[in-house]
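Q: I would like a close look at one part of this structure, explained step by step for someone in a first year of study. Please take the sequence and the model shown here as the starting point.

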Amino acid sequence: MARRSAESLAKGTIGYARLRPSDRFLGGLRAADRVVFVSHVHPDPDSLGSMFALAHLVESKLDKPTLMTRDGPISRAENRAMVDILHLDLCPIEAVEWAAGDAVVMVDSQPRTGRHTLPETVPIYAVIDHHDTPGHLGRVAFVDVRPEFGATCTMVTQYLTEQQVAFPDKVATALLYGIETEVTGYPREGGRQDDEALIRVYPLADKDTLARIHNARLPISHFGCLLHALQSSFIYDRLVMSWINPLPRPEHVAEVVDLMIRFEEVEWAVCGGVHGDQLILSLRSSKPNAKSGEILRKVVGDLGKAGGHDRRAGGCIPLASTAPAAIEDLQRELRRRFLKVLKIDDARGRRLVALKDMLQNLQS
Ligand SMILES: [Mn+2]
């Protein structure tokens with residue numbers, strides 16, 4: 001595969017250490033026949049924007065064929081709108097015909113963090129990421145991981161700027177939306193570098209396209225899940241916990257916690273739901289230095305996988321049984337672990353919406 005030749009090329013270059021990351025990244029790709037971009041499952045705007053802009057960089061500077069992939073379905077309505085409106089051409093990861101001359105570039109994720117279905121036998125040339133979830137990087141020739149950046153798209157914007165590659169409006173729009181989704185929510189997780197990247201791409205982005213993505217149409221399941229979540233929510237001191245069973249689409253847990261974390265009485269919001277044979281979890285915090293990714297990893301433990309950022313995290317647990325009793329047991333165990341890890345004594349909790357209000361609403 002291309003990994004070894006790419007590695008020797010990149011690392012054998014005189015003055016390697018002095019080169020900018022984008023120089024080293026491109027240098028290591030010179031021997032490749034094709035550059036394949038991969039990301040985490042349920043690709044989000046940050047991974048989509050990163051793949052799209054890096055493909056543009058590789059095509060512009062090296063004139064090599066590229067392939068962008070999609071690991072699992074694109075979930076949130078806005079993300080699907082981004083793919084449709086920008087015409088992002090994504091190959092399902094399971095349909096990729098891997099070839100010896102492929103150089104694989106992983107963005108917005110790290111190898112063996114359990115967030116991809118990429119076969120472990122496929123060697124990875126490069127990892128470009130801003131997550132602090134540690135992956136297996138020992139055999140990766142080019143590694144650029146900067147957790148101090150709010151978005152992988154910010155790193156990629158720097159690559160294009162360093163290489164003086166023009167930003168077509170679609171590329172600028174994808175980067176802008178990728179950065180914006182990561183850093184403009186509240187709690188905000190972004191810094192000076194992200195602001196500089198936003199300033200760079202904003203004048204070049206198509207604002208009408210951006211508005212269409214922001215206002216993507218929502219499926220009916222969004223509203224059903226919202227109601228379900230409100231009715232199942234319990235407040236345990238500083239934590240609000242909601243369950244949606246069954247969960248028709250995995251993205252709804254993230255939509256729910258994004259709303260719930262705005263509740264003024266809590267510092268933590270978690271929503272979980274059973275989707276197929278997995279329990280999907282999404283966590284938000286309104287606290288600075290919340291270490292949400294670490295908290296969720298502690299809670300999930302060896303039951304499944306979890307990771308994320310300071311104030312946002314996600315995870316999934318494969319289910320041995322989807323029988324209601326088994327799911328109830330697992331949810332009880334997860335609640336116990338959340339309360340323990342967050343040092344919350346209030347184990348009884350109280351409903352967000354009182355039962356009698358729900359019944360009254362039904363009767364009126
Ligand atoms: Mn990201």
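Which residue in E3 does Met68 stand opposite?

A: In this model, which is predicted, Met68 stands opposite Leu90 in E3. To see where that pair belongs, it helps to begin with the two strands and then widen the view. Strand E2, made of residues 66-70, is joined to E3 by three bridges, and the two strands run parallel.

These two strands are part of an open sheet of six strands, whose order is E3-E2-E1-E4-E5-E6 and whose pairing is parallel. Strand E3 (90-92) stands at one edge and strand E6 (142-145) also stands at an edge, and each has a single partner strand, so one side of each is left without a neighbour in the sheet. From one strand to the next, the twist averages 25°. As a general point to keep in mind while looking at such strands, the side chains in a regular strand alternate between the two faces of the sheet.

A helix also belongs in this picture. Helix H3, which covers residues 45-62, lies across E2 as well as strand E1 (34-38), strand E4 (102-107) and strand E5 (126-129), and the helix runs at about 170° to E2.

The wider chain can now be placed around this part. The domain assignment gives domain 1 as 2-214 and domain 2 as 220-363. The C-alpha centres of domain 1 and domain 2 lie 30 Å apart, while 11 residues of domain 1 are in contact with 10 residues of domain 2. On the side of domain 1 that touches domain 2, the residues divide into one nonpolar, six polar and four charged.

For a contrast in strand direction, one can turn to strand E10 (residues 278-285), which is mostly covered, with seven of its eight residues buried. Strand E9 (residues 268-275) is joined to E10 by eight bridges, and this pair runs antiparallel; within the pair, Gly273 has Ile280 in E10 as its bridge partner. The hairpin of E9 and E10 has two residues between the strands, and Gly276 there takes a positive phi near 60°. Strand E10 is also joined to strand E12 (residues 312-318) by seven bridges, again with the strands running antiparallel, and Leu281 stands opposite Gly315 in E12.

To return to the starting point, Met68 and Leu90 stand opposite each other, where E2 and E3 run parallel, whereas E10 runs antiparallel to E9 and antiparallel to E12.

Technical notes:
Residues numbered from 1 in each chain as written. Predicted model: local features only at pLDDT ≥ 70, side-chain atom pairs only at ≥ 80, totals over all residues. Buried ≥ 20, exposed ≤ 12 C-beta atoms within 10 Å, placed from the backbone. Helix = DSSP H or I, 4+ residues; strand = E, 2+ residues; numbered from the N terminus. Pairing = 2+ DSSP bridges. Domains from an automatic or database assignment. Contact = placed C-beta atoms within 7 Å. Nonpolar A, V, L, I, M, F, W, Y, C, P; charged D, E, K, R; others polar. Axes fitted to C-alpha atoms, helices over the stretch in contact; angles between N-to-C directions.
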